[in-house]
Amino acid sequence: MSKQFGPDYVRAIAPYEAGKPIAEVAREFGLDQASIVKLASNENPFGVPDSATQAMLAAAAELGRYPDANGFELKAALAKRYQVSPDWITLGNGSNDILEIAAHAFVQLGQSVVYAQYSFAVYALATQGVGACAIVVPAKDYGHDLPAMAAAIRADTRLVFIANPNNPTGTFISGVDIEAFLELVPPSVVVVLDEAYNEYLAPEQQYESSAWVRRYPNLLISRTFSKAYGLAGLRVGFGIAQPVLTELMNRMRQPFNVNSMAQAAAIAALNDSEFLEKSARNNAAGYRQFTQAFEALGLQYVPSHGNFVLVKVGNDDGAGARVNLALLKQGVIVRPVGNYGLPQWLRISIGLPQENTVLIAALKKALA
Ligand SMILES: *Cc1c(COP(=O)(O)O)cnc(C)c1O
């Protein structure tokens, strides 16, 4: 009998399934890379902001040296933006890193973590990675059922993950409801509020989560530069929490987890409000374009507050995979979500108007 390596809980992990890269689809389906439309990973269709490219060019000259392990300038910029002290901020190699660090810093083997059905796949990975027990609370209308999540917290629960807006469903929880939830959670349980799509929220939906951090020592806000800021390939995210949590996070992170180019680009992007506004405007228009087309095609979708839409492409459990393949053959990459327990649905990122038009035409053909 061959020897098995690693703990049981590591062998039980199903690897993360990322969106297919453009080059891979071109190779597999014999297509021209330039003709492929990728709407699979909730990236910003405008790509990298020019301001960030300039900052990276300048930073490139210093790549022979290690990055600033404490990210002084980026933390200072974030601290100013969110009105907190720099020692309330943890930088991450993407916000994925923040989620992983939180699991390692706050949960030990055998304890439990609460998150919602149909919420971000990394919550399950981070939970399993520390050998913790997942308490998955059934979704309500494809979103978080916060009262049920509060009720699901056990004596051994150390962490709760909440995504707002949620991925892959796009659902949104109001600030009032989140605050009510924070009041219900025992102070010994850390709440990670993952706001990867916050910048896409309409002004009337915005709430000030950094103000809650001042009131709740068990709250950790997670944010990213991968979505609205257009820097997915660089891997920068950050957490905001009181020092009682941040100090522990800091012990668990790799000393140089955010590279020099990423730090420089993030500062530039943070100050590029024009790019952010342009991205939010394009997203709102693309959302209308998609949802009007889905309605015309008679397709059910979940109203979304992010830069993507979850749409139901059939009533049988083969529908998502089948329509996905038909789209790939036409050079359109979207995200099947069977691994989320949603085999009849596809998650489609909002692109530029022309990319959205290509998707809609390809979807019509795929469904015919
Ligand atoms: C995309 C996403 C993230 C993080 O992505 P990073 O690139 O690691 O910052 C985190 N949470 C949710 C819900 C996401 O959709």
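Visitor: Which helix holds both F290 and F294, and how far apart are they along it?

Guide: In this predicted model, F290 and F294 both belong to helix α12, which covers residues 273-296. They are 4 residues apart, about one turn of the helix.

Visitor: Why is the pair F290 and F294 called stacked?

Guide: Ring centres within 6.5 Å make a pair, and planes under 30 degrees apart make it stacked. The ring centres of F290 and F294 are 5.6 Å apart and their planes meet at 25 degrees, so the pair is stacked. The structure holds 15 aromatic pairs.

Visitor: What surrounds the ligand?

Guide: The surrounding residues are G94, S95, N96, F120, N167, D194, A196, Y197, T224, S226, K227 and R235. By class, this shell has 3 nonpolar, 6 polar and 3 charged residues.

Visitor: What makes the approach of Y197 to the ligand a polar contact?

Guide: The cut-off for a pair of N or O atoms is 3.5 Å. An N or O atom in the Y197 side chain is 2.6 Å from an oxygen atom of the ligand, so the pair falls within that cut-off. T224 has a polar side-chain atom 2.5 Å from a ligand oxygen. For K227, the distance from a side-chain N or O atom to an oxygen of the ligand is 3.2 Å.

Visitor: How much of the ligand does the protein bury?

Guide: The ligand alone exposes 390 Å², and the protein buries 94% of that.

Visitor: Where does the ligand sit?

Guide: The ligand sits in the largest pocket. To count as sitting there, more than half of its atoms must lie within 2 Å of the pocket's grid points.

Visitor: What kind of peptide bond joins N164 and P165, and what is its omega?

Guide: The bond between N164 and P165 is cis, with omega about -10 degrees. A cis bond also joins N167 and P168, where omega is about 15 degrees. P165 lies in the loop between β5 (157-163) and α8 (175-184), and P168 is in the loop between β5 and α8. Most peptide bonds are trans.

Visitor: What is the sign of phi at N42, positive or negative?

Guide: N42 has a positive phi, about 60 degrees, although it is not a glycine. Most residues other than glycine have a negative phi. N42 is in the loop between β1 (37-38) and α3 (50-60).

How values were computed
Residues are numbered from 1 along each chain as its sequence is written. This is a predicted model: local features need pLDDT of at least 70, side-chain atom pairs count only at pLDDT 80 or more; totals for chains, interfaces and linings use all residues. Side-chain values use heavy atoms; hydrogens and water are left out. A residue is near a molecule or strand if one of its heavy atoms lies within 4 Å of it. A polar contact is a pair of N or O atoms within 3.5 Å; within protein, one must be able to donate a hydrogen and the other to accept it, and residues adjacent in sequence count only if both atoms are side-chain atoms. Accessible areas come from the Shrake-Rupley method with a 1.4 Å probe; for residues, only the protein chains shown count as cover. On a 1 Å grid over the protein atoms alone, a cavity is a set of points where a 1.4 Å probe fits but cannot get out, and a pocket is an open set with protein on both sides within 12 Å along at least five of seven lines; lining residues have an atom within 4 Å of a point. Ala, Val, Leu, Ile, Met, Phe, Trp, Tyr, Cys and Pro count as nonpolar, Asp, Glu, Lys and Arg as charged, and the others, Gly among them, as polar. Rings of Phe, Tyr and Trp (its six-membered ring) pair if their centres lie within 6.5 Å; planes under 30 degrees apart count as stacked, over 60 as edge-to-face and the rest as tilted. Helices (H or I, at least four residues) and strands (E, at least two) are DSSP runs, numbered from the N terminus.
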